[in-house]
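Please open the model in a viewer and keep the selection tool at hand. The tour below proceeds stop by stop, stating what to select and what is found there.

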Amino acid sequence: MSSQKLSDILSQLQSSSNSSPQKITSLLTSAKRELLTLNALIPTPTTQPAILALARQTLETGALLSIRLQQPDAFTRYYQQLLPFYEIPDSTYNDQNRQRSKVTGLYLLLLLTKGDYAGFHTVLEGLEVESARQGKGLEGDEFLSYPVKLERWLMEGSYDRVWGATKREGVPSEEYGVFSEVLIGTIRDEIASCSEKAYPSLPIANAKNLLFLESEGSVVDFAQGRGWVVRDGRIYFPQQQEDMRTEREILVTSGQVIENTIGYARELETIV
């Protein structure tokens with residue numbers, strides 16, 4: 001069975017970065033149909049090496065394009081479909097256009113954005129075992145070392161280092177920039193939640209640095225999105241204000257109870 005049609009579709013996909021999302025999705029659907037026709041969606045011992053390489057390239061291209069289309073669920077499906085291909089020794093393939101490190105690194109980054117640290121370490125441990133077996137380390141791979149460093153800095157609370165690494169010049173490829181932005185959003189929300197609990201209010205200028213926002217206008221937009229009150233150059237956290245009111249009410253009520261109890265005790269002494 002000829003694989004020429006799949007090769008043609010793959011060539012179109014690899015040069016489709018400026019195409020519309022509809023055209024890319026249509027091409028990806030056609031590519032999967034051809035993989036099914038060739039019985040190459042799942043590798044088997046009888047699958048020819050040339051077909052294996054073509055199938056893997058097609059799935060890897062689909063995974064990377066899903067990132068550009070900002071479709072993380074589709075990317076996850078492509079990654080899962082690629083796992084059987086990644087278990088096959090590289091020597092089996094006849095091509096050098098392998099993008100396993102990039103796709104796997106992106107999957108690790110996706111897990112970080114979801115806060116799935118257990119899943120992150122499960123994948124990472126498998127990679128470390130495989131690298132040790134081959135006498136290699138992950139540090140030398142720019143695609144795999146990037147999410148590993150980010151995870152370490154997140155655990156340390158070194159959010160400024162994470163912020164610096166997610167700048168355009170710090171990401172290994174364009175696709176990584178998509179998830180890096182999502183990760184910064186996750187960190188920003190976490191810092192915001194902590195700030196709500198720690199401070200009654202903050203100057204807008206301080207909040208800009210704390211939340212890694214580019215301008216005070218961005219701070220105001222972010223604050224309004226979270227229901228914070230912006231007044232006189234400061235941000236006021238409603239929950240803190242509510243908690244302070246509650247504490248005052250408790251103190252007032254407690255004072256009334258104590259006063260009533262003392263009065264009742266005095267009446268008892270008078271009776272006795």
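Helices and strands are here taken as DSSP runs, of at least four residues for a helix and at least two for a strand, and are numbered from the N terminus. With this numbering, Asn39 is placed in the loop between H2 and H3. The model is a predicted one.

**The whole chain**

Begin with the full chain, coloured by secondary structure. Twelve helices and three strands make up its secondary structure. The chain has 272 residues, and 40% of them count as buried. Among contacts with a separation of 6 or more, 66% are between residues 24 or more positions apart.

**Helix H1**

Select residues 4–14, which form helix H1. Which residues of H1 are buried? They are Leu6, Ile9, Leu10 and Leu13. Viewed down the axis of H1, these buried residues fall within an arc of 105°, and therefore line one face of the helix. An α-helix has 3.6 residues a turn, so residues three or four places apart point the same way. The buried residues of H1 pack against H2 and H3.

**Helix H2**

Next, select residues 21–37, the 17 residues of helix H2. At 1.5 Å a residue, H2 should span 24 Å, and its end C-alpha atoms are 24 Å apart, which agrees. Show the side chains of Ile24, Leu27, Leu28, Ala31, Glu34 and Leu35, the buried residues of H2. Looking down the axis of H2, one finds the buried residues within an arc of 120°, so they line one face of the helix. Now add H1, helix H3 (49–68) and helix H4 (72–86) to the display, since the buried residues of H2 pack against these helices. Then turn to the face of H2 directed away from its buried side, where the exposed residues Gln22 and Leu36 are found.

**The cavity beside H2**

Keep H2 in view. How many cavities of 30 Å³ or more does a search of the whole structure find? The search finds one. The largest cavity holds about 30 Å³ of space. To display its lining, select Leu28, Ala31, Lys32, Leu35, Thr58, Leu59 and Tyr78. H2 and H3 are the elements that give two or more residues to this lining. The largest share, four residues, comes from H2. By class, the lining of the cavity has five nonpolar residues, one polar and one charged. Leu28, Ala31 and Leu35 are also among the buried residues of H2.

**Two positive phi values**

Move to Asn39, just after H2. Asn39 is not a glycine, yet has a positive phi of about 55°. Most residues other than glycine have a negative phi, and most peptide bonds are trans. Is Asn39 buried or exposed? Asn39 is exposed, for its relative accessible area is 56% and exposed means over 50%.

Then select Asp232, in the loop between strand E2 (229–231) and strand E3 (234–236). Asp232, also a residue other than glycine, has a positive phi near 55°. With a relative accessibility of 69%, Asp232 counts as exposed.

**The largest pocket**

Select Asp90, Arg100, Ser101, Gln134 and Asp141, the lining residues nearest the centre of the largest pocket. The pocket contains about 600 Å³ of space, and 22 residues line it. Adding helix H5 (100–113), helix H6 (117–133) and helix H7 (142–156) shows elements that each supply at least two residues of the lining. H5 provides the largest share, four residues. How many residues of the lining are nonpolar, polar and charged? Seven are nonpolar, six polar and nine charged.

**The second largest pocket**

For the last stop, the space to find is the second largest pocket, of about 370 Å³. Of the 15 residues that line this pocket, select Arg168, Glu174, Gly177, Val178 and Glu181, the closest to its centre. Helix H9 (residues 174–198) contributes the largest share of the lining, seven residues. By class, this lining has five nonpolar, five polar and five charged residues.

Notes: Residues numbered from 1 in each chain as written. Predicted model: local features only at pLDDT ≥ 70, side-chain atom pairs only at ≥ 80, totals over all residues. Heavy atoms only, no water. Expected span 1.5 Å × (residues − 1). Buried < 20%, exposed > 50% of the residue type's maximum accessible area, 1.4 Å probe, protein only. Arc of directions from axis to C-beta. Contact = heavy atoms within 4.5 Å. 1 Å grid on protein atoms, 1.4 Å probe; cavity = no way out; pocket = protein on both sides within 12 Å on 5 of 7 lines; lining within 4 Å. Points joined across faces, edges and corners; volume = space filled by probe spheres on them. Nonpolar A, V, L, I, M, F, W, Y, C, P; charged D, E, K, R; others polar.
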